[in-house]
Each structure stands twice: as structure tokens, then as C-alpha cells.
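User: Hello! I am new to this structure and would like to get to know it step by step. Could you take some questions from me?

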Amino acid sequence: MLPDELKKLLSERIASAEDPREQAVDAMFELQSYYGYMSDEAMTEASGLLGMTPLELEELATFYDHIYREPVGRYVIHVCDSAICWMHDHLSVVDHIRSQLNVEVGGTTADGLFTLLPVCCIGYCDRAPAMTINRRVFGRLTPEKIDRILTRLKDQAQFAETE
Ligand code: FES
């Protein structure tokens with residue numbers, strides 16, 4: 001259940017829009033930040049706030065790569081799966097991450113730290129192959145660079161746990 005404060009904020013934003021649907025994606029991002037992903041409960045709440053049917057909202061949610069209908073890890077890795085990155089061997093990037101994290105595309109590591117997902121072009125074509133992790137962009141990926149990034153994130157997670 002959403003806290004009253006967040007519900008009020010979203011209601012005000014939605015009321016100020018010419019068409020409540022304009023606020024649908026932003027509202028889902030807010031709800032996702034609160035719940036961690038767009039759970040069925042979050043979808044129902046969004047549907048009520050926006051005055052959209054669950055089906056209309058579902059169509060929108062499944063269109064956007066960064067709206068998650070399933071739980072995701074602390075770090076969501078989106079590897080670019082579009083033409084320029086294909087030409088720069090994006091499959092070796094995917095394979096390297098899969099083997100290093102022991103996770104399949106669409107899955108989350110057993111420790112809940114990483115989710116691996118494909119994404120359409122992220123506008124970093126001049127630095128292909130590319131990926132984002134929690135919206136931060138990384139380009140010119142090599143196995144060594146990927147290892148450095150993953151090690152740093154694992155260290156950060158460990159550090160956060162010991163704080
Ligand atoms: S095709 Fe991969 S960043 Fe554009």
C-alpha cells in the first residue's frame with residue numbers, strides 16, 4: 001500500500017496534466033521506485049490513480065524496457081541489443097556477463113544482486129558495444145572492462161551491507 005504522501009503527490013501531478021495518461025510512465029517509475037518493481041499491487045494502484053484500465057496500463061508497462069513487471073536485482077544490466085552493437089560483437093558481451101554472473105538473459109543472480117536484460121539502442125552507438133547498469137551508460141565494452149565494472153559493483157554492495 002502506497003504511503004499517503006506519495007499517493008497525494010502522484011494524484012496532484014496526475015490532476016495537473018491535460019490528460020492523465022501523460023503521467024502514466026512517470027507514475028509507474030515512482031511506484032517502481034517504491035515497490036522495487038511494478039508488482040500487481042503497484043499496477044492496480046497506478047490504474048486507480050490514472051483512471052486507466054489494467055490492460056491499458058499493462059500495454060504501456062510492457063512497452064518500456066525500464067519498467068519491470070518482475071522483481072529485479074539491485075543492479076539491472078541492460079545490454080544493448082540493436083544493430084550497431086550487433087556489428088560490434090554484442091553477443092560476446094552477453095556471454096561474458098552470463099558466464100561471470102552465472103545468470104541467463106532475463107534472469108537475476110541467486111544473490112539478488114544482478115539482473116541481465118536486453119535493451120534497444122541506448123544512443124551510445126559510437127561506443128558500441130554498450131550497456132547500462134541502473135541507467136548509467138558503459139561503452140566500448142571488453143571482457144576486462146566488464147570484469148572491472150562487476151567487481152566494483154560487488155564491492156559496493158558488500159560495503160553497503162557492512163555499513
Ligand atoms: S546500437 Fe547499441 S548503443 Fe546504439
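User: In which sense do β1 and β2 pair?
Analyst: Happy to start there, keeping in mind that this is a predicted model. Strands of a sheet pair through backbone hydrogen bonds, and the sense can be either parallel or antiparallel. Here β1 and β2 are joined over six bridges, and the sense is parallel.

User: And in which sense does β1 pair with β3?
Analyst: Strand β1 covers residues 75-80, and strand β3 covers residues 131-133. Three bridges link the two, and their sense is antiparallel.

User: Which residue of β3 stands opposite Val-79?
Analyst: Val-79 has a partner in each of two strands. In β2 it stands opposite Pro-118. In β3, the residue opposite Val-79 is Met-131.

User: What is the order of the strands in the sheet?
Analyst: The sheet is open, and its four strands have mixed pairing. β2 (114-119) and β4 each have a single partner strand, so they stand at the edges with one side lacking a neighbour in the sheet. On average, neighbouring strands are turned by 25° against each other, direction ignored. Put together, the order is β2-β1-β3-β4.

User: How many of the residues of β1 are buried?
Analyst: Let's look at both sides of the strand. Tyr-75, Ile-77 and Val-79 point one way, while Val-76, His-78 and Cys-80 point the other way, and all are buried. β1 is thus mostly covered, and the count of buried residues is six of six.

User: Which helix lies across β1, β2 and β3?
Analyst: The helix in question spans residues 90-101. Its direction is at about 155° to β1. This helix is α6.

User: Why do α3 and α4 count as roughly perpendicular?
Analyst: The axes of α3 (residues 40-50) and α4 (residues 54-63) come within 9 Å of each other, and the crossing is right-handed. Angles of 65 to 115 degrees count as roughly perpendicular. The two helices are therefore placed in that class, with a crossing angle of roughly 115°.

User: How many nonpolar residues are in the contact of α3 with α4?
Analyst: From α3 come Met-43, Ala-46, Ser-47 and Leu-50, which meet Pro-54, Leu-57, Glu-58 and Ala-61 of α4. One residue of this contact is polar and one is charged. The number of nonpolar residues is six.

User: Is Leu-141 buried or exposed?
Analyst: Leu-141 is found in the loop between β4 (136-138) and α7 (143-162). Leaving out residues up to four places away in sequence, Leu-141 touches Val-93, Pro-129, Ala-130, Met-131 and Ile-146. A residue with 20 or more other C-beta atoms within 10 Å counts as buried. Leu-141 has 24, so the word for it is buried.

User: What about Arg-140, buried or exposed?
Analyst: Arg-140 lies in the loop between β4 and α7 too. Phi of Arg-140 is near 45°, a positive value in a residue other than glycine. Because Arg-140 has 12 C-beta neighbours inside 10 Å, it counts as exposed.

User: Which residue in the loop between α6 and β2 has a positive phi?
Analyst: This residue is not a glycine, yet its phi is about 55°. It is exposed, with 10 other C-beta atoms within 10 Å. The residue is Asn-102.

User: Which residues does a cis peptide bond join?
Analyst: One of the two is a proline in the loop between β2 and β3. Omega of the bond is about 0°. The joined residues are Ala-128 and Pro-129.

Terms used: Residues numbered from 1 in each chain as written. Predicted model: local features only at pLDDT ≥ 70, side-chain atom pairs only at ≥ 80, totals over all residues. Contact = placed C-beta atoms within 7 Å. Pairing = 2+ DSSP bridges. Axes fitted to C-alpha atoms, helices over the stretch in contact; angles between N-to-C directions. Parallel < 35°, antiparallel > 145°, perpendicular 65-115°, else oblique. Left-handed = near helix turned anticlockwise from the far one by under 90°. Nonpolar A, V, L, I, M, F, W, Y, C, P; charged D, E, K, R; others polar.
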